[in-house]
Amino acid sequence: MYIAMNRFRIAPGREEDFLEVWRNRDSHLDEVPGFKQFQMLQGESQEDHTVFISHSVWESENAFRDWTKSDAFRKAHANAKAPEGIYLGPPKFEGYEVVL
């Protein structure tokens, strides 16, 4: 299995706005071969930001990479623009092969 995560730094007071963007987007993940599961994780709020992590589980890294090149990926990200001031920079991607 493969775990793909994006770490987002969100401006203080904009956490609910960020979650609303994700609640209202159609990810199209249910159409994708190899997709297993998705969660949005929220960390503790700091003085200058709150961390959120999108966490998806895939059958393999190849299944994840294939998704990033698919029509489903393009459709999911076509309307993903959030209102100004929510994100404190771009997300940071981390990918992990499950070894145990």
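The paragraphs below go from the chain as a whole to its helices and then to a few individual residues.

The model is predicted, so that local features are described only where pLDDT is at least 70 and side-chain atom pairs count only at pLDDT 80 or more, while totals for chains, interfaces and linings use all residues. Residues are numbered from 1 along each chain as its sequence is written, and side-chain values use heavy atoms, with hydrogens and water left out. The average pLDDT, the predictor's confidence in each residue on a scale from 0 to 100, is 92 for the chain, and 98% of the residues score at least 70. Among the elements, helix H3 (residues 71-78) has the lowest mean pLDDT, at 81, and strand E4 (residues 92-97) has the highest, at 98.

The chain has three helices and four strands, where helices are DSSP runs of H or I with at least four residues and strands are runs of E with at least two, numbered from the N terminus. Read from the N terminus, these elements follow the order β-α-β-β-α-α-β. The chain is as compact as a globular protein of its length, because its radius of gyration of 14 Å is close to the 13 Å that the globule rule gives for 100 residues; the radius is taken over C-alpha atoms, and the rule is 2.2 Å times the number of residues to the power 0.38. The C-alpha trace spans about 40 × 30 × 20 Å along its principal axes.

Contacts, meaning heavy atoms within 4.5 Å, often link distant parts of the sequence: among those between residues at least 6 apart, 73% join residues at least 24 apart. Of the 100 residues, 37% count as buried, a term that stands for a relative accessible area under 20%, with exposed meaning over 50% and partly exposed lying in between (1.4 Å probe, protein chains only). The chain exposes about 6,500 Å², of which carbon and sulfur atoms supply 51%, the areas coming from the Shrake-Rupley method with a 1.4 Å probe and, for residues, with only the protein chains shown counting as cover.

Helix H1 (residues 15-23) has Glu-15, Phe-18, Leu-19, Val-21 and Trp-22 as buried residues. These cover an arc of only 155° around the axis, and therefore lie on the same side of H1, the arc being that of the directions from the helix axis to the C-beta atoms. The partners against which the buried residues of H1 pack are strand E1 (2-10), strand E2 (35-45) and strand E3.

Thr-50, which belongs to strand E3 (residues 50-58), shows one link between that strand and H1 in detail. Its relative accessibility is 0%, so Thr-50 counts as buried. Thr-50 and Glu-15 are 35 residues apart along the chain, yet their C-alpha atoms are separated by 7.3 Å, and their side chains make a polar contact of 2.7 Å. Such a contact is a pair of N or O atoms within 3.5 Å; within protein, one must be able to donate a hydrogen and the other to accept it, and residues adjacent in sequence count only if both atoms are side-chain atoms. Beyond its neighbours within four places in sequence, Thr-50 also has contacts that include Phe-8, Ile-10, Gln-42 and Ser-45.

In helix H2 (61-68), the buried residues are Ala-63, Phe-64 and Trp-67. Their arc around the axis is only 100°, which puts them on the same side of H2. The cover over these buried residues includes E1, E3, H3 and E4, whereas the face of H2 turned away from its buried side carries the exposed residues Asn-62 and Asp-66.

The loop between H2 and H3 holds Lys-69 and Ser-70. Lys-69 is exposed, with a relative accessible area of 61%, but Ser-70, at 18% relative accessibility, counts as buried. A polar atom of the Ser-70 side chain lies 3.1 Å from the backbone nitrogen of Phe-73.

His-28 sits in another loop, the one between H1 and E2, and counts as buried at 13% relative accessibility. Its side chain is joined to that of Glu-31 by a polar contact of 2.8 Å, and, not counting residues up to four places away in sequence, His-28 touches Ala-72, Lys-75 and Ala-76. Phi of His-28 is near 60°, a positive value in a residue other than glycine. Most residues other than glycine have a negative phi.
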